[in-house]
Amino acid sequence: MAKQPPTNADLADLLAQEAEGQSRILGRAYRRAARSAFLWPETVADILARRGSLLELHGVGPFIARKLTDWVNKPPPLRAQLPPIQRDFLTMADARALLAKKTDWTKRLRGDLQMHTVWSDGSGTVAEMAEAALERAYEYIAITDHSKGLKIAGGINEAQVRQQGREIERANKAIAKKGGGLTVLRSLEMNLNPRGEGDMAAADLSALDIVLGSFHSALRVKDDQTKRYVAALRNPSIQILGHPRGRIYNYRLGLKADWPRVFAEAAKLDKAVEVDCYPDRQDLNLSLLKIARREGVRISLGTDAHHPWQLEFITLGLAAALKAKIPAERIINFLPLGELKMWVASLRQRSNKRKTSES
Ligand SMILES: [Zn+2]
């Protein structure tokens, strides 16, 4: 019997293994290609079968293209089990194939709730991200640049957030003038410290349409982090907890927690947990999404796009949510804009009430 050709996920693992023991430059190229395998739109086997070029794939040069071709033509043995740091990642090729059969699911999507611009570490302007969102016929997008505490990613301060707000207002006016149906939301990916505290003034945060909070530090600690998640969820300024685990394919495993408890707390507070759809993050991943579904928590989908073309990463989040059987009404990106805003308003009202009852 002929051996099945390796899938893109198999090829990612072969590339990751090949990186070991190589020179620094070659090792980096293999690792980059391994991560990129999750965003290739078609399987390498299919591309070769139709005599297409692998050089069009992200992260693939002539040397790696030759390796991939050899592996497809003469499949090497695969590891029985992937190391945890590489487990539970969907490939774009599989996600696309799955969603092609479920077009009504994709049609429910109204927007993308995490993306970066030139204001922090993205490469597109607000107008360019909006243009890409209009092409996808979105109803809304949230511009979530990094906040000032994350210096390495060009985080912005309160004054810059206000300045960006004026730019977003101008972008919205220009879109409306052309008859476009898109609203650009003012947002922020606020940096949270391991105590769940943010780095921005509360008054500036409440002026935004929606606020995401994410951890970017102490992501390699090994002990249980339930406490930090509960504290973050209780932070009155945030509505969505971004890339909860902090994992990255073949680089960082991410944090440990009592996930049923974390999601139950989020559900109790009516806050959302994110699927960061970036191919090498996919955080939350499928197995945690299944726990999230059982706890009834709201889910937010965000591409974490740093370039306009990366809005297509949403496919990975849509596929993961579908596979995990998340009910459509739990996905906040499926809400019409008015309802999304009402949800944010209700959370803010709740936290205000709590403040007055405590004082
Ligand atoms: Zn982040």
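Begin with the second largest pocket of this predicted model, where the lining residues divide into six nonpolar, one polar and five charged. To bring that lining into view, select Leu 219, Arg 220, Val 221 and Lys 222, then Arg 245, then Arg 252, Leu 253, Gly 254, Leu 255 and Lys 256, and finally Trp 259 and Leu 288. The space that these residues line, in the second largest pocket, amounts to about 220 Å³.

Move next to the largest pocket, which holds about 840 Å³ of space. Its lining is made up of 31 residues, and a good way in is to select Arg 35, Ile 248, Tyr 278, Asp 280 and Arg 281, since these are the ones that lie nearest the centre of the largest pocket. Colouring the whole lining of the largest pocket by class should give eleven nonpolar, ten polar and ten charged residues. Now select helix 2, residues 24–36, which contributes five residues to this lining, the largest share.

For the last stop, select helix 5 (residues 92–100) together with helix 13 (residues 314–323), which pack at an angle of about 60° with their axes 9 Å apart. Seen as a pair, helix 5 passes helix 13 in a left-handed crossing. Showing side chains here, pick out Met 92, Ala 95, Arg 96, Leu 98 and Leu 99 on helix 5, which meet Thr 315, Leu 316, Leu 318, Ala 319, Leu 322 and Lys 323 on helix 13. Sorted by class, this contact of helix 5 with helix 13 has eight nonpolar residues, one polar residue and two charged residues.

Definitions and conventions: Residues numbered from 1 in each chain as written. Predicted model: local features only at pLDDT ≥ 70, side-chain atom pairs only at ≥ 80, totals over all residues. Heavy atoms only, no water. Axes fitted to C-alpha atoms, helices over the stretch in contact; angles between N-to-C directions. Helix = DSSP H or I, 4+ residues; strand = E, 2+ residues; numbered from the N terminus. Left-handed = near helix turned anticlockwise from the far one by under 90°. Contact = heavy atoms within 4.5 Å. Nonpolar A, V, L, I, M, F, W, Y, C, P; charged D, E, K, R; others polar. 1 Å grid on protein atoms, 1.4 Å probe; cavity = no way out; pocket = protein on both sides within 12 Å on 5 of 7 lines; lining within 4 Å. Points joined across faces, edges and corners; volume = space filled by probe spheres on them.
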